[in-house]
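Me: I am new to this structure and would like a close look at a single part of it, namely the salt bridges and what surrounds them. Please take me through them slowly.

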Amino acid sequence: MRTLIIAEHDGQHLNEQVARAVTAAQQWQQPVDVLIAAAQPDGLAAQAAALQGVSSVLVASDAALQHPTAEHLTDIIVPLAANYTVVLAAHSAFSKNVLPRVAALLDVNMLSDVLEIVNTNTYVRGIYAGNVLATVQSSDAIQVLTVRGSKFAAAAAGATAEVKSINTPAAPQGSRWVSEAFNKSERPALTAAKVVVSGGRALGSADAFAQVIAPLADKLHAAIGASRAAVDAGYAPNDLQVGQTGVVVAPELYIAVGISGAIQHAYGMKDSKVVVAINQDPEAQIFKIADYGLVADLFEVVPQLTAAL
Amino acid sequence: MKALVAIKRVVDYNIQVRVKADGSNVDIDGVKMGVNPFDENAIEEAIRLKEKGIVTEIVAVTIGAAVNQDILRHALAMGADRATLVETTDSLQPLAVAKVLKAVVEREQPSLILLGKQAIDDDAGQTGQMLAALLKLPQATYASQITIADNQATVVREIDGGTQTLSVTLPALITADLRLNDPRYVKLPNLMMARKKPIETIALDSLTLALTNSVQQLKVAAPPERPAGIMVKDVNELLSKLRTHEGIIA
């Protein structure tokens, strides 16, 4: 049998998480196909076909796939799934929107945000905001899952898998894409960055957030993250939120500035290789997970740190 | 129009749960429970739509043991009109939950179905999408803004890197993100009034659904603890420590 990966992309570039899903898919030791659903799929299909470990690339093409809805993607994936024992994608807003819908129509349960693939139907995943690791076994005939990209290395390019077109059902009625607004940034993507500098409530204002956090991030070529408190207060946009309800990151270095370290925030960053916490409160929870802690006024030490780099 | 809000009783979000010594499950005996935070956003949104004159009736639904009446009372005290408890002592997985909720939706025929985007205990984030699939309804997940007019819900969704706006034809299913609203506090008089509101109890068996939990939990464990860190006295010491980790800082 075969494994199907649902590829996330922005219309031009494959999301870097796809290469990580390809690595995860090797665990089943069966041919791995990648589905590209796009309005203009050629370039994307070539990128997917180049990933080592991919057997073939299936291409669904339709003008409506410029901005696909979960309903349209589900209609494409479900008929294909009969040929597969595994349907997987990297865990992201895209895949966690679509795959549960696919699983329900296949009448199977789904495993979300899998951290480790123990064997062909057994997985480790986090529950209770990552405070508990559960080992779970699925008896479903088709295993539908999302994997946490940061737990799997990216498959290298250099291969040439075959590319096949598939029949594409028309977009269902009832749901219509209206618009998108992305927070443009020259910085590395949060989930892919080697260094992340995150700010919390203690920054006190959007201006302070920008004036203190951004220069340090610039020096380190880091992505910027934020705690929920900072996002709720309007210091940083929502998509920078790290945690249970935001994104999960595991960079080489995570610098938490003025973040208390609530359970929900720790969920999103405690797999970072090295954690640095800068906080005025010596009792802050963040110091319990920090490798290096500095109890100090962030407005003094962060500019010092930036200047010293 | 009628709105149905599905809610879940979970361990309070401030509590760090512990694993039982034998690794069989998490230990939640005697732990404070409450409405799943994302579900509270869903209830609040239904109430705001009622206050705008768009929604006329709000039905809160949960699945679980009789003790789940407490979260239904909470939803009623916030402003839901009536509540349904599908009573079972079984622990259901998202697909089974979606099948039960489908049966309730078919009885109630709501125009709008609201859920939280995920429960903070299993962190699955699946039930809403699965329910929408089974009902063959359009879905709008991770909603941070909902506008309803002309039988359409225009929903701003939180996605990676920004937001996306979708328009879905009603009836539709929407899952709430934390950003959707700030749930109101329940005041004592509302709590008293909520005691007079009806809670219907349906035995799960009476729905005659074929439900299976296909995912078996083999064991649970605490995640590996990070080795204790060290406190540094100033920026220079911090930098020298980081520089000893080759490759992190030049």
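Reply: A search of the whole structure, which is a predicted model, finds 27 salt bridges over all chains. A good place to begin is chain A, where the side chains of Asp271(A) and Lys151(A) meet in a salt bridge, with 3.3 Å from N to O. This pair links distant parts of the chain, since Asp271(A) sits in the loop between α7 (263-266) and β14 (274-279) of chain A, while Lys151(A) sits in the loop between β8 and β9 (162-165) of chain A, 120 residues apart. Asp271(A) counts as partly exposed because its relative accessibility is 38%, and Lys151(A), at 37%, counts as partly exposed too.

A second salt bridge of chain A joins the side chains of Arg228(A) and Asp232(A), at 2.9 Å from N to O. These two residues are four residues apart in helix α6 of chain A, and therefore about one helical turn separates them. Arg228(A) has a relative accessibility of 37% and so counts as partly exposed, and Asp232(A), with 44%, likewise counts as partly exposed.

In chain B, the side chains of Arg184(B) and Glu44(B) meet in a salt bridge with 2.9 Å between N and O. Because Arg184(B) lies in the loop between β12 (172-176) and α5 (188-194) of chain B and Glu44(B) in helix α1 (residues 37-51) of chain B, the pair ties together parts that are 140 residues apart in sequence. Here the two partners fall into separate classes, for Arg184(B) is partly exposed with a relative accessible area of 26%, whereas Glu44(B) is buried with a relative accessible area of 2%. Returning to chain A, salt bridges that share partners join Asp113(A), Arg148(A), Lys151(A) and Asp271(A) into one network.

Salt bridges also cross from one chain to the other, and the rule finds three of them across the interface of chain A and chain B. On the side of chain A that touches chain B, the residues divide into 39 nonpolar, 24 polar and 17 charged. One salt bridge to look for is formed by the side chains of Lys99(B) and Asp107(A), which meet at 2.7 Å from N to O. The wider setting is an interface in which 80 residues of chain A are in contact with 78 residues of chain B, and the area buried between the two chains is about 6600 Å², of which carbon and sulfur atoms give 54%. Asn109(A), Tyr128(A) and Tyr292(A) supply 12% of the area that chain A buries against chain B, more than any other three residues.

Polar contacts belong to this picture as well, and across the same interface the rule finds 48 residue pairs in polar contact, both residues being at pLDDT 80 or more. The side chain of Gln241(A), for instance, makes a polar contact with the side chain of Arg179(B) at 2.4 Å. Gln241(A) is placed in the loop between α6 (228-232) and β13 (253-257) of chain A, and it counts as buried because its relative accessibility is 2%. Not counting residues up to four places away in sequence, the residues that Gln241(A) touches include Arg179(B) and Arg228(A), and Arg228(A) is the residue whose side chain meets that of Asp232(A) in the salt bridge described above.

Conventions:
Residues numbered from 1 in each chain as written. Chains lettered and ligands numbered in written order. Predicted model: local features only at pLDDT ≥ 70, side-chain atom pairs only at ≥ 80, totals over all residues. Heavy atoms only, no water. Contact = heavy atoms within 4.5 Å. Buried area = accessible area lost by both parts, 1.4 Å probe. Salt bridge = Lys/Arg side-chain N within 4 Å of Asp/Glu carboxyl O. Polar contact = N/O pair within 3.5 Å; in protein donor to acceptor, adjacent residues only side chain to side chain. Nonpolar A, V, L, I, M, F, W, Y, C, P; charged D, E, K, R; others polar. Buried < 20%, exposed > 50% of the residue type's maximum accessible area, 1.4 Å probe, protein only.
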